[in-house]
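Welcome! Open the model in your viewer, keep the selection tool handy, and let us take a short walk along the backbone.

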Amino acid sequence: MPEEDQVSIEQIIRELDDVAACGYQAVQITAPYKSAGFYPWWGLRPLDYFAVNQYLGDSVEDFRRLVVQCHQRDLYVMVFLNLGYADIDSELWKKACRDRRSQKDSPESRYFLWSETGMERLLQEGNAHFKQGGSWQWSKEAQSYYWCFWKQDGIVEPQYNWADDGFRNYAGKILHFWLDFGIDGIILDAVNWYLNCDWQTIRKYAVDVIHSYPDTFCLPEGGSGFGDDPLLWLKEGGFDGVEDQPFESDLHWNGSAVMEAILSENIANLEQRLSALDEVRQYGGIAWSYMGWGPDWTVKRRLLAIAVLIGTGHMTEIIQSYLSEFEQKDYEALYRMLRAGRYKGMAPAQKRRRIKTCDDISCYACVCSEDHWPVICVYNFQNESREIAISFENNQMKQGVQAFDLLNQQFLSAERELNVILPALGYGFYTL
């Protein structure tokens with residue numbers, strides 16, 4: 001694990017006042033349990049589900065204190081949990097291997113799928129939402145083949161068998177253990193690759209367990225990322241949101257909607273990509289998306305991407321590497337944006353409607369939550385400053401109102417239209 005990512009609970013608590021003041025609304029912990037290592041897969045390799053991550057503290061009471069301290073500052077606590085595979089160095093897996101080798105029928109050995117020959121077909125062929133994937137791998141310790149999907153750099157992880165009742169109950173114990181700390185949400189890692197899983201199974205043994213704790217958010221990481229119907233994750237799976245992969249890249253995981261508009265100075269495809277999850281929003285679900293990343297993402301482009309995500313009703317996460325090369329003025333711009341995101345009309349669950357501007361080729365605007373807490377979000381995808389006019393009459397919005405700039409905290413004259421000047425790759429949030 002890189003030194004810059006080794007953050008103790010004491011360090012986190014000392015920084016919580018600043019985190020809240022900057023406008024962040026939640027702290028995400030990936031993963032809260034004791035991990036076999038940061039690489040690969042961001043620390044999600046479980047050594048012990050019922051012990052706190054070694055980089056966070058010495059005991060679960062340290063974690064409990066962190067949750068309390070976050071809540072005292074009105075910060076939610078989200079955790080990222082892997083219930084898809086064990087780690088090859090975990091005691092759980094080692095016991096399963098010993099039992100398999102000695103032909104002992106134990107609960108732990110039944111958590112996994114085994115084969116004598118490595119040639120058998122699996123119980124489930126997979127579908128658009130729950131994909132099978134993987135291959136049989138030989139275990140010297142078990143003297144048997146086991147099923148594996150997640151393998152990288154010599155790490156060949158055994159997948160849990162969600163068809164086994166014992167494992168389903170074990171997964172429930174893990175969820176209850178962390179939910180009992182009072183956390184506010186859980187992201188389930190790569191749900192669509194869970195072995196022998198289906199809608200009924202994931203809902204009964206995971207999502208319903210999470211929702212048995214009031215107001216607890218549940219997201220399927222990877223859900224809707226493979227051309228599958230995103231609405232089914234809500235209707236059938238019971239989740240509260242999905243990842244907006246079509247916006248982050250496209251339906252074929254190519255490029256970014258924001259970067260495409262920046263490079264072409266044309267928003268032709270932006271609305272189409274944003275509309276991919278309109279049914280999810282209408283159903284009451286939340287869209288979660290990650291920022292695009294790569295050598296072409298300058299600081300100004302990153303700030304515009306965050307502004308688009310916040311202004312179009314997305315939840316997103318910001319990790320330290322996204323902020324590399326930021327100067328003080330860039331941090332201040334980010335924090336103004338995050339604080340504006342706390343406004344009620346900017347809540348992720350709010351519906352979005354595109355509105356016309358004086359230039360619908362390189363500028364984009366939408367209105368959010370227009371019934372009660374209306375906010376107009378405006379974006380300039382040109383590499384030069386632009387004056388942008390938005391007519392209230394042409395966009396069926398109430399006239400004779402006053403506009404307030406949420407970023408710069410000042411009132412604007414806006415009797416019949418909103419006129420704003422945005423810098424190159426600039427953005428603005430205005431409540432009426």
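On this tour, strands and helices are DSSP runs numbered from the N terminus, with at least two residues for a strand and at least four for a helix. Keep in mind that the model you are looking at is predicted.

**Stop 1: two cis peptide bonds**

Start by selecting Thr30 and Ala31. The peptide bond that joins them is cis, with omega at about -10°. Ala31 sits in the loop that runs between β1 (26-30) and β2 (33-35).

Next, select Tyr39 and Pro40. Here, too, you will find a cis peptide bond, with an omega of about -15°. Which strands does the loop holding Pro40 lie between? Pro40 belongs to the loop between β2 and β3 (46-52).

**Stop 2: a positive phi at Gln103**

Now move along to Gln103, in the loop between α3 (91-101) and α4 (107-110). Check its backbone: phi of Gln103 is near 60°, a positive value, and this residue is not a glycine. Is Gln103 buried or exposed? Its relative accessibility is 73%, and exposed means over 50%, so Gln103 counts as exposed.

**Stop 3: a positive phi at Ala190**

Finally, select Ala190, which you can find in the loop between β10 (185-188) and α6 (199-211). Ala190 is not a glycine either, yet its phi is positive, at about 45°. Try showing the surface around this residue: is Ala190 buried or exposed? The relative accessible area of Ala190 is 6%, and the cut-off for buried is under 20%, so Ala190 is buried.

How values were computed
Residues are numbered from 1 along each chain as its sequence is written. This is a predicted model: local features need pLDDT of at least 70, side-chain atom pairs count only at pLDDT 80 or more; totals for chains, interfaces and linings use all residues. Side-chain values use heavy atoms; hydrogens and water are left out. Buried means under 20% relative accessible area, exposed over 50%, partly exposed in between (1.4 Å probe, protein chains only).
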